[in-house]
Structures are given as structure tokens and as C-alpha cells.
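Thanks for coming, everyone. I have one structure to walk through, and I'll take it contact by contact. Let's put it up.

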Amino acid sequence: MKINYRKAFNKLKAIGAPVIEGGWNGEDTFRISGEYNDEKIWADYWNQNFGHCGISHEIEKILTEHDLFAEWINGGVLGVYEI
């Protein structure tokens, strides 16, 4: 994983965000689950008024710090990409 992805992945993991190693199509990146919101809502596809396009501001901030952004792959998973 490129260093900017790895740093963002580690920061998100440290705050308890539901990160998943590997891209949707096998890329050397990571994804974020929109289904594991038990203790805290991290991402909610069905509530686009939450955060930015359904993504928590905490996640957005960390991704932006590392020149990354998240985009919904489907209703349950966010892909992470370079800006």
C-alpha cells in the first residue's frame, strides 16, 4: 500500500473506523465499511444528510490530510482513492 494510504488506514483504524485492507477489485488500497455502525456511525449510504454524502467528517478529515477521498462502491462499502 502506498504510504499515504497506509498512514490514513492506520489513523482510521486507531480511531475505530471499520477499515478493510484491499481495494474492491484487488487494488493495494483499502475500503471502509458502511455496515458496521454499532457504537458509532461512520458511514451511512441511506442518510446522505449525515456528514458529507453519508461519510463522517472524521473519516473525511483524515483522508483529506493524506490526499485521499472516499466514494460509495455500493450501499455497504466505500472505496478510497487518490485525489
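Start in helix α2, residues 57-65. K61 and E65 both sit in this helix, four residues apart, about one turn of the helix. A word of caution before we go on: this is a predicted model.

K61 and E65 form a salt bridge, with the closest N and O atoms 4.0 Å apart. How exposed are the two partners? K61 counts as exposed, at 56% relative accessibility. E65 is partly exposed, at 43%. The pair does not stand alone, either. K11 joins K61 and E65 in a network of salt bridges.

How many salt bridges does a search of the whole structure find? Five. The general idea is familiar: side chains of opposite charge can pair when their charged atoms come close. Let me take two more from the set.

First up, E82 and K2. Their salt bridge has its closest N and O atoms 3.1 Å apart. What does the pair tie together? E82 is in strand β4, residues 77-82, and K2 is in the segment before α1, so the bridge connects parts that are 80 residues apart in sequence. E82 is partly exposed, at 36% relative accessibility. K2 is partly exposed too, with a relative accessible area of 49%.

Next, E21 and R6. Their side chains meet in a salt bridge at 3.3 Å, N to O. This one also links distant parts of the chain: E21 is in strand β1, residues 19-21, R6 is in helix α1, and they are 15 residues apart. On exposure, E21 counts as partly exposed at 48% relative accessibility. R6 has a relative accessible area of 28%, and is partly exposed as well.

Now stay with helix α1, and look at N4. Buried or exposed? Buried, at 15% relative accessibility. What does the N4 side chain have for polar company? A polar atom of that side chain lies 3.2 Å from the backbone oxygen of H66. Leaving out residues up to four places away in sequence, N4 touches H66, D67, L68 and E82. E82 should sound familiar: it is the salt-bridge partner of K2.

On to the strands. β4 has two pairings to show you. Strand β3, residues 68-74, pairs with β4 in the antiparallel sense, over six bridges. How are β3 and β4 joined? By a hairpin, through two residues. Strand β2, residues 30-33, also pairs with β4 in the antiparallel sense, over three bridges.

There is a nice spot to zoom in on here: V77 in β4. From one strand pairing, N74 has V77 as its bridge partner. From the other, S33 stands opposite V77. Click on V77 and you can follow both.

Last stop, the surface. Which residues make the nonpolar patch? F69, Y81 and I83 do, and the patch is about 300 Å². Y81 brings us back to strand β4. Y81 is partly exposed, with a relative accessible area of 31%.

To wrap up, keep β4 in view. β4 pairs with β2 and with β3. E82 of β4 bridges to K2 in the segment before α1. Y81, also in β4, belongs to the nonpolar patch with F69 and I83. And back in helix α2, K61 and E65 have their salt-bridge network with K11. That's my tour. Over to you.

Definitions and conventions: Residues are numbered from 1 along each chain as its sequence is written. This is a predicted model: local features need pLDDT of at least 70, side-chain atom pairs count only at pLDDT 80 or more; totals for chains, interfaces and linings use all residues. Side-chain values use heavy atoms; hydrogens and water are left out. Buried means under 20% relative accessible area, exposed over 50%, partly exposed in between (1.4 Å probe, protein chains only). Patches are made of residues with over 30% relative accessible area and no salt bridge: like charges are joined within 9 Å, nonpolar side chains (Val, Leu, Ile, Met, Phe, Trp, Tyr) within 5 Å. Accessible areas come from the Shrake-Rupley method with a 1.4 Å probe; for residues, only the protein chains shown count as cover. A polar contact is a pair of N or O atoms within 3.5 Å; within protein, one must be able to donate a hydrogen and the other to accept it, and residues adjacent in sequence count only if both atoms are side-chain atoms. Contact means heavy atoms within 4.5 Å. Two strands pair if DSSP finds at least two bridges between them.
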